[in-house]
Amino acid sequence: MVESRRRGAAAQRGRYLFAGAVATLVCAVIGIALNVAGIAEWAPTWPALSALLLLGLGLFAERQRRPRLAIALSLPVVLLGAGVLGVALFGLRGALSPHLNSLTALPSNSAAGLLAAALSLALGARARAQRAWLQVICTLLAAVAVALGTFGLLGRLFGIAPGIGWAAVGSVSVLTGSGLIACGSTLLLQRALGRDGGDPLQRASLLPALFVLALSLGATAMAWRVSAEAAHAAQQQHFEHQVQQLAAAIEQRLRGYVDALRGAQGLYAASESVEADEWQRYWDQVDLRSRYPAVVGVGYAARIEARERGDFEGAMAVGRRGGFRIWPAGERERYFPVTFLEPAEGANLLLLGYDLGSEPARSEALQRAVTRDEVALSGRIAVAGSAAGDTEAGFALYAPLHGGGRRDGDPAFRLLGVAYFDVRAAEWMQLVDSELRNSLRVQLYDGDTEDPAQRLYGDVAAPAALRSTSTLDQAGRHWRLVAEAAPEFFAANRSSTPLSVLLAGLLFSLLLFAIAWLLAGLRMRAERLVTRRTAELERSQRAFRALTDTANDAIIAAGDDGTIRYVNPAAARYFGYEADALLQQPLTLLMPERYRAAHTDGMARLLAGGEPHVIGRTVELAGLRRDGSEFPLEISIAHWRSDDGAHFTAILRDITRRRETEQAMELQRNELARSNADLEQFAYVASHDLQEPLRMVASYVQLLARRYKGKLDQDADDFIGFAVDGALRMQRLIDDLLTYSRIATRPVVLRDVAAAECVQAALRNLASRVQETRADIRIGELPTVRVDPLQLSQLFQNLIGNALKFSGDEPPQITVDAEREADHWHFRVRDNGIGLDPQYAERIFVIFQRLHTRQQYGGTGIGLAICKKIVERAGGRIWVESRLGDGATFHFTLPALEPAA
């Protein structure tokens, strides 16, 4: 019967997988057809279609129980989803090569859903997916795929969060969302019920969990929609406010230009007449170029009646090369020829004499300014462009100029002409608040309509979700301002609240689903858990018993009454008892008499809440065997409590052999110290006693060399030379040995001494060698240290002498300095000599060790060994850093007189 039920569940599972695979593949096939037909609004991207195809085929592979094929089909989808999410998360889209742009066309939410579905398919395809924790993960991943598909579908169908959330054209398509729901629902059922379809209790517990998931996802969708609409309303409000600020900025900027022309009105009102040079000085003082950079030219056009034209042209032609004429030609009632113009250069020079009233757009504004006696704005006109010979859209401002008296009825008060600005509209708009413009696409038209022929300024247009139009009343004329939200605006004002609500709701829904699913099957899981825990506890107890019974160290457990509750076989062997004979016996049975009173007092103090003395530490005490003999023990004691009181556990180790070994080693150390002292004394005495006979031998051999050199044959001379050289080398060797032994045998006389004085003492001893090698020795700032001054001088003399000896072909350059490091001084002696191979950095400090033959460099090989002995006796260390052919730096440290701050 059980087998029959299992076969039925497997068949049902196969039907679920077949239906899900077919639904997923149908969504993919329809999407391919829409793409081929060119219906891009409803068609998924090609990466999404490829992923749906692979997932549908993967479901078929799992139905056929081919897990490796299912995993192989899902892995490309995992890589695709993870790659798209990584690019979106870290902003790497611009760094990708062009041939990968088609992959990044996959929306991030689609990528997340496809990734969740592919992971659920891959992780659950193997038989080991029966593990509970992996089954839960696969189920949650499938639920994530369903949720993302559902929300993407809702966002596309119902327009949730346009321009903010997932309702954009480039978001989850209808078919991608449907495919995710189909694939994810199939995987959700499979992973929740298990490979064999699950037992009846498990299937029954899944239904209420799915019901809870559906309710929570519905509530999340409603909350998501409300928050998205609120975010969109806030975005719309901010957009309108920004457009209003832009309109105010445009009006404010134009008002500044109007005020500048009113300054020209004041100039004419305050003067009997204004000449060209005065006009130039005025606008130079205004700093026209920097304060009004969009102005092509600022000019003065005199008001000339038709009868005055000839006289005016004659007067203006005086002193002008080429004369002066009003143009364009034609009879008019009155003229407004350009008389003065700044800056007087380039294309502006060609405008002199141009009748502003001859151009309809200018004439209308000109008449309005004269009739209403106020600054007037012209319609769209063509002005000189930035490049020579070009023209571009612009506008003009006209201000009437009066002279000869006051405005209030003075007969001398008359209209002299107009002052005007010609302004490039595009450049003028660029000067309006850039922070506002950068997040908006702006179109500015002359008039009340969006007539392309009357456009003054326009950014590159593109479809936008937010658009605003307004009419500006500017100096008697209307401007049409059209503003659209640019991508920068959406980036700066995107609300994270809808996405946060969505993610929080999704996580909460998944959590509720998991809780409901777990609680619904709690009884079955609890029973299985109790059975498994009981078996595990029994195995653990057996393992612990085996561990303690086979341990080499003794283990003893006791209660708060001081009686033994457990001993392992090792403890019984240590003390010479049977294990059962020790149970319920007092711990004091195993202690020498001298420890028992302290043990009793310590137990009482600890149980009363006092501080422990030995618990938590490792101590060495003595144990008492059954035969009354004592033996040393290393004891570690732990204290713990349970419902039945306090407990103590002690781990004991017999350290008899270790004590015997320590005693033997102590005897060897003492014997070695005595032997070393004898050897040092012997070396001192031997080298001292050898001095006199060796000095006599050397003296007589040298006497032979002086007296008989050249009187015997060549061989005799060579033999005598060898004897002299050997005697002298032996004498130097004994001297160095004597010095080396004195360092260890003579008492150290410590006193505060300036290191610089010791360096100078060493240099005096080396003066002839320094002069002979022409050495350049530089001494830095050196501290005062507490050492034996003679030994410190010897140390510097050996190190500097080494640098002089191994200097190579160049004159030696030697530097001695020091710096404070923590609680010691770090000395350095640098040279530019021949250096040494780093592999010999330790060997050179060993006595009698040389790196060169005596024919190359003299010496006994003891100097650096002496240095090492001096430094180590002073409490420091010495080392060398060098490369062959690149000089050497000898380092040594000495304790500082005072601790570091």
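What share of the contacts in the chain with a separation of 6 or more comes from residues 24 or more positions apart? The share is 63%, where contact means heavy atoms within 4.5 Å.

**Getting started**

Welcome to this structure. Please keep in mind that it is a predicted model, in which local features need pLDDT of at least 70 and side-chain atom pairs count only at pLDDT 80 or more, while totals for chains, interfaces and linings use all residues. Residues are numbered from 1 along each chain as its sequence is written, and side-chain values use heavy atoms, with hydrogens and water left out.

The chain holds 26 helices and 24 strands; these are DSSP runs numbered from the N terminus, with helices (H or I) of at least four residues and strands (E) of at least two. Of its 901 residues, 41% count as buried. Buried means under 20% relative accessible area, exposed means over 50%, and partly exposed is in between, using a 1.4 Å probe and protein chains only.

**Nonpolar cores**

A nonpolar core is a set of buried Ala, Val, Leu, Ile, Met, Phe, Trp, Tyr and Cys residues joined through side-chain atoms within 4.5 Å. The largest one here has 59 residues, and Ile250, Tyr257, Trp279, Leu397, Phe421, Trp428 and Trp479 are those with the most contacts inside it. Helix H8, covering residues 200-269, gives the most to this core, with 13 residues. Another core, of 42 residues, lies apart from it and includes Val770, Leu792, Ile800 and Val816.

Phe421 is a good place to look around. Leaving aside neighbours within four places in sequence, Phe421 is in contact with several residues, among them Tyr257, Trp283, Phe395 and Leu397.

**A pair of helices**

Two packed helices are described by the angle between their axes and the distance between the axes. Helix H25 (residues 789-805) and helix H26 (residues 863-873) pack at an angle of about 145 degrees, and their axes are 9 Å apart. Here the axes are lines fitted to C-alpha atoms over the stretch in contact, and angles run from 0 to 180 degrees between N-to-C directions. The crossing of H25 and H26 is left-handed, a term for a near helix turned anticlockwise from the far one by less than a right angle.

Which residues of H25 and H26 meet? From H25 come Gln791, Gln794, Leu795, Asn798, Leu799 and Asn802, and from H26 come Gly863, Leu864, Ile866, Cys867, Ile870, Val871 and Arg873. By class, this contact of H25 with H26 has seven nonpolar, five polar and one charged residues. In this scheme Ala, Val, Leu, Ile, Met, Phe, Trp, Tyr, Cys and Pro count as nonpolar, Asp, Glu, Lys and Arg as charged, and the others, Gly among them, as polar.

**Three residues to visit**

Ser882 sits in strand S23 (residues 878-882). Is Ser882 buried or exposed? Ser882 counts as buried because its relative accessibility is 14%. A polar atom of its side chain lies 3.0 Å from the backbone nitrogen of Leu836, and the side chain of Ser882 also reaches the backbone oxygen of Gly887 at 2.7 Å. Not counting residues up to four places away in sequence, Ser882 touches Gly835, Leu836, Pro838, Gly887 and Ala888.

Gly58 belongs to helix H2 (residues 46-63). At 0% relative accessibility, Gly58 counts as buried. Gly58 and Leu69 are eleven residues apart in sequence, and their C-alpha atoms are 7.2 Å apart in space. Leaving out residues up to four places away in sequence, Gly58 touches Ala70, Leu73 and Leu121.

Asn438 is found in helix H14 (residues 434-438). Asn438 counts as partly exposed because its relative accessibility is 49%. Phe489 is 51 residues from Asn438 along the chain, and their C-alpha atoms are separated by 8.1 Å. Apart from neighbours within four places in sequence, Asn438 is in contact with Ala486 and Glu488.

**Backbone details in loops**

The table lists some backbone angles.

| Place | Feature | Angle |
|---|---|---|
| Trp327 to Pro328 | cis peptide bond | omega near 5 degrees |
| Glu342 to Pro343 | cis peptide bond | omega near -5 degrees |
| Asp373 | positive phi, not a glycine | phi about 55 degrees |
| Ala822 | positive phi, not a glycine | phi near 55 degrees |

Pro328 is in the loop between helix H11 (309-317) and strand S3 (334-335). Pro343 is in the loop between strand S4 (338-342) and helix H12 (360-372). Asp373 is in the loop between H12 and strand S5 (376-377), and at 28% relative accessibility Asp373 counts as partly exposed. Ala822 lies in the loop between strand S21 (813-821) and strand S22 (824-831).

Conventions:
A polar contact is a pair of N or O atoms within 3.5 Å; within protein, one must be able to donate a hydrogen and the other to accept it, and residues adjacent in sequence count only if both atoms are side-chain atoms.
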